[in-house]
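Visitor: Could you walk me through this one, helix by helix?
Guide: Sure, let's put it up and go through it question by question.

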Amino acid sequence: MTPIVISKNIKITQPSRNDNILILNAKEYDTPEPNPYLVNAIVKSFYYHKQIQAGKTIEDLQTEEGLKDSKYIRNILNLKYISPQLTEKILNGTQPEDLSLQKLINLK
C-alpha cells in the first residue's frame, strides 16, 4: 500500500528576541485548503472498508450511522478504489475546484 502524503506550506520567520520561532499560516501564500466533505468521505471509505474486513456488515454500518438505507455507505465504500493520485490531491486540497462529493461518487 502506497502511503498518502499530506503537505502544507508554512512560513517560518526569524527567531524573536526571546528565541521563539514564529510560524505563520498566512493566506497570502494561496495555500490550497482541502474540501472537508471530500476528505471526510475518503476517510469514511477507508474506515468502512476496515470495518467490513473486521466482520461487520453494511447493515451494521448503516445502523451505526443511523441511516435508513445502505446506498450512502455503498457509495462511500466505492471511494476506496479511486486513484491514489486523486486521493492525494483531495487530501492536499489540490483537486479540481469543481469536484463535489456527488461528482466523486459518480466517477467510474
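**How the helices pack**

Guide: Let's start with a crossing: α1 passes α2 in a right-handed way. Keep in mind that this is a predicted model.

Visitor: At what angle do α1 and α2 pack?
Guide: The axes of the two helices, α1 and α2, lie 10 Å apart. The pair counts as oblique, because its angle falls in neither the parallel, the antiparallel nor the perpendicular range. The angle between α1 and α2 is about 130°.

Visitor: Which residues of α2 does α1 meet there?
Guide: From the α1 side, the residues involved are Lys-44, Tyr-47, Tyr-48, Gln-51 and Ile-52. Among them, Tyr-48 and Gln-51 are buried. Their partners in α2 are Ile-58, Leu-61, Glu-64 and Glu-65.

Visitor: Backing up a bit, what order do the elements of the chain run in?
Guide: There are five helices and two strands to place. Reading from the N terminus, the order is β-β-α-α-α-α-α.

Visitor: What span does α1 reach from its first C-alpha to its last?
Guide: Helix α1 covers residues 36–53, which is 18 residues. At 1.5 Å a residue, 26 Å is expected. The model comes close to that, with a reach of 26 Å.

Visitor: What sits at the two ends of α1, and which residue caps the N-terminal end?
Guide: After α1 comes Gly-55, with a positive phi near 110°. At the N-terminal end, a side-chain oxygen lies 2.8 Å from the backbone nitrogen of Tyr-37. That oxygen belongs to the capping residue, Asn-35.

Visitor: Which helices do the buried residues of α1 pack against?
Guide: The buried set in α1 is Leu-38, Ala-41, Ile-42, Ser-45, Tyr-48, His-49 and Gln-51. Residues three or four places apart in an α-helix point the same way, because there are 3.6 residues a turn. Packed against the buried residues of α1 are α2 (58–65), α3 (71–78), α4 (84–92) and α5 (101–106).

Visitor: How are α1 and α3 oriented to each other, and at roughly what angle do they cross?
Guide: The axes of α1 and α3 come within 8 Å. In contact across this pair are Ala-41, Lys-44, Ser-45, Tyr-48, His-49 and Ile-52 from α1, with Tyr-72, Ile-73, Ile-76 and Leu-77 from α3. The two helices count as roughly perpendicular, because that label runs from 65 to 115 degrees. Their crossing angle is roughly 100°.

Visitor: Is the crossing of α1 and α4 left-handed or right-handed?
Guide: These two helices, α1 and α4, have axes 8 Å apart and an angle of about 130°, so they are oblique to each other. Leu-38, Val-39 and Ile-42 of α1 meet Thr-87, Ile-90 and Leu-91 of α4. The crossing of α1 and α4 is left-handed.

Visitor: Which residues of α4 are buried, then?
Guide: What covers them includes α1 and α5. Just after α4 comes Gly-93, whose phi is positive, near 85°. The buried residues of α4 are Leu-86, Thr-87, Ile-90, Leu-91 and Asn-92.

Visitor: Is His-49 buried or exposed?
Guide: His-49 is found in helix α1. Beyond residues up to four places away in sequence, His-49 touches Leu-77, Lys-80 and Tyr-81. The cut-off is under 20% relative accessible area, and His-49 has 18%, so it counts as buried.

Visitor: Which backbone oxygen does the side chain of Gln-62 reach?
Guide: Gln-62 is in helix α2 and is buried, with a relative accessible area of 15%. Leaving aside neighbours within four places in sequence, Gln-62 is in contact with Leu-67, Lys-68, Asp-69, Ser-70 and Ile-73. At 3.0 Å, the side chain of Gln-62 reaches the backbone oxygen of Lys-68.

Visitor: And what separates the C-alpha atoms of Ile-105 and Tyr-72?
Guide: Ile-105 is placed in helix α5 and counts as buried, at 16% relative accessibility. Not counting residues up to four places away, Ile-105 touches Asn-75 and Leu-79. Along the chain, Ile-105 and Tyr-72 are 33 residues apart, while their C-alpha atoms are separated by 9.7 Å.

Visitor: Last one: what percentage of the 108 residues in the chain do buried residues make up?
Guide: For contacts with a separation of 6 or more, residues 24 or more positions apart account for 55%. As for burial, the buried share of the 108 residues is 26%.

Methods: Residues are numbered from 1 along each chain as its sequence is written. This is a predicted model: local features need pLDDT of at least 70, side-chain atom pairs count only at pLDDT 80 or more; totals for chains, interfaces and linings use all residues. Side-chain values use heavy atoms; hydrogens and water are left out. Helices (H or I, at least four residues) and strands (E, at least two) are DSSP runs, numbered from the N terminus. The expected span of a helix is 1.5 Å times one less than its number of residues. Buried means under 20% relative accessible area, exposed over 50%, partly exposed in between (1.4 Å probe, protein chains only). Contact means heavy atoms within 4.5 Å. A polar contact is a pair of N or O atoms within 3.5 Å; within protein, one must be able to donate a hydrogen and the other to accept it, and residues adjacent in sequence count only if both atoms are side-chain atoms. Axes are lines fitted to C-alpha atoms, for helices over the stretch in contact, and angles run from 0 to 180 degrees between N-to-C directions. Angles under 35 degrees count as roughly parallel, over 145 as roughly antiparallel, 65 to 115 as roughly perpendicular and the rest as oblique. A crossing is left-handed if the near helix is turned anticlockwise from the far one by less than a right angle, and right-handed if clockwise.
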